Amino acid sequence: MDQIKKADKGEIKIGNDVFVPLLTEEVIQNRIKELGKQITEEYKGKAPIFIGVLNGSFMFLSDLLKNITIDCEIDFFKLSSYGDEKLSSGNVTLLKELNCDVNDRHIIIVEDIVDSGLSIKFIEGMFQKSKPSSMKVITLLFKPNSLKYNVKIDYIGFEIPSKFVIGYGLDYAQKYRNLTNIYVLSEEQ
Ligand code: PRP
């Protein structure tokens, strides 16, 4: 089993790859507090359903919900497009369906990252037959320069460069989701 090796300046080394800190736990949590406050204000009396897109969104959804102070519910989709690769395969597979009834409900799709926008496009397609009262999308991370599909993202935690990131739910070959900071692959190897 690989060990996460801590190097200087908070860097971590995974095999031959060096990852450097991009967003610290403190910066992430402060932004999530702001988003939670904003959504709490905007959804008063609406009892929204937060729909997390597994696996990556589990940490963000958990921390976001701690900052929502109105009645709300949660459910999850499980999608997979990236497999164990750093780049999307271009195909999305639905691995777990929703269990809730979204008709006449306000739903908020919760993503850890929007990269090409393919996953959100796929999710929008899935809701074409159902009739939620409203549907919005929140993502912790957004790569504006990677977007290939015409999707609307309503709440964005951070815009980041089009580089490979791990930690805080985001994986590299399914590992490192448990890191509390977000790290970016260093180009200086
Ligand atoms: C990641 C991430 C998003 C999607 C974003 O999921 O969690 O769902 O990719 O990329 P896109 O905008 O190009 O669609 P992934 O398929 O890696 O699965 P995971 O959440 O289990 O890591």
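**Exercise 1. Identify the polar contacts and the surroundings of the ligand.**

*Solution.* Begin with Asn-55: one of its backbone N or O atoms lies 3.0 Å from an oxygen atom of the ligand, a polar contact in the sense of a pair of N or O atoms within 3.5 Å (within protein, one must be able to donate a hydrogen and the other to accept it, and residues adjacent in sequence count only if both atoms are side-chain atoms). This is a predicted model, in which local features need pLDDT of at least 70 and side-chain atom pairs count only at pLDDT 80 or more, while totals for chains, interfaces and linings use all residues. Residues are numbered from 1 along each chain as its sequence is written, and side-chain values use heavy atoms, with hydrogens and water left out.

Next, take Glu-111, where an N or O atom in the side chain is 2.8 Å from a ligand oxygen atom. Gly-117 contributes a backbone N or O atom, 2.8 Å from an oxygen atom of the ligand. On its own the ligand has 500 Å² of accessible area, of which the protein covers 94% (Shrake-Rupley method, 1.4 Å probe; for residues, only the protein chains shown count as cover).

Then consider the shell by element. Strand 7 and helix 3 are the elements that give two or more residues to the shell around the ligand (helices, H or I with at least four residues, and strands, E with at least two, are DSSP runs numbered from the N terminus). The largest share, four residues, comes from strand 7. Of the 17 residues around the ligand, those that come nearest are Glu-111, Asp-112, Ser-116, Gly-117 and Ser-119 (near: a heavy atom within 4 Å).

**Exercise 2. Determine which residues of helix 3 are buried and what covers them.**

*Solution.* The buried residues in helix 3 include Leu-118, Ser-119, Ile-120 and Ile-123 (buried: under 20% relative accessible area; exposed: over 50%; partly exposed: in between; 1.4 Å probe, protein chains only). Their cover includes strand 4 (49-54), strand 5, strand 7 (106-114) and strand 8 (134-142).

Helix 3 (residues 118-126) also holds Lys-121 and Glu-124, three residues apart, about one turn of the helix. Lys-121 forms a salt bridge with Glu-124, with the closest N and O atoms 3.8 Å apart (a side-chain nitrogen of Lys or Arg within 4 Å of a carboxyl oxygen of Asp or Glu). Lys-121 is partly exposed at 36% relative accessibility, and Glu-124 is partly exposed at 24%.

**Exercise 3. Locate a salt bridge between two strands.**

*Solution.* The structure holds ten salt bridges. In one of them, the side chains of Asp-75 and Lys-96 meet at 3.7 Å, N to O. Asp-75 lies in strand 5 (residues 73-80) and Lys-96 in strand 6 (residues 93-96), so the pair ties together parts that are 21 residues apart in sequence. As for accessibility, Asp-75 is buried at 7%, whereas Lys-96 is partly exposed at 26%.

**Exercise 4. Describe the nonpolar cores.**

*Solution.* The largest nonpolar core has 27 residues, of which Phe-60, Ile-138, Leu-140, Leu-141 and Ile-182 touch the most other members (buried Ala, Val, Leu, Ile, Met, Phe, Trp, Tyr and Cys residues joined through side-chain atoms within 4.5 Å). Helix 1 (25-42), helix 2 (58-65), strand 7, strand 8, strand 9 and strand 11 each give two or more residues to this core. A second, separate core of 19 residues includes Leu-79, Leu-98, Val-102 and Ile-123.

How values were computed: Contact = heavy atoms within 4.5 Å.
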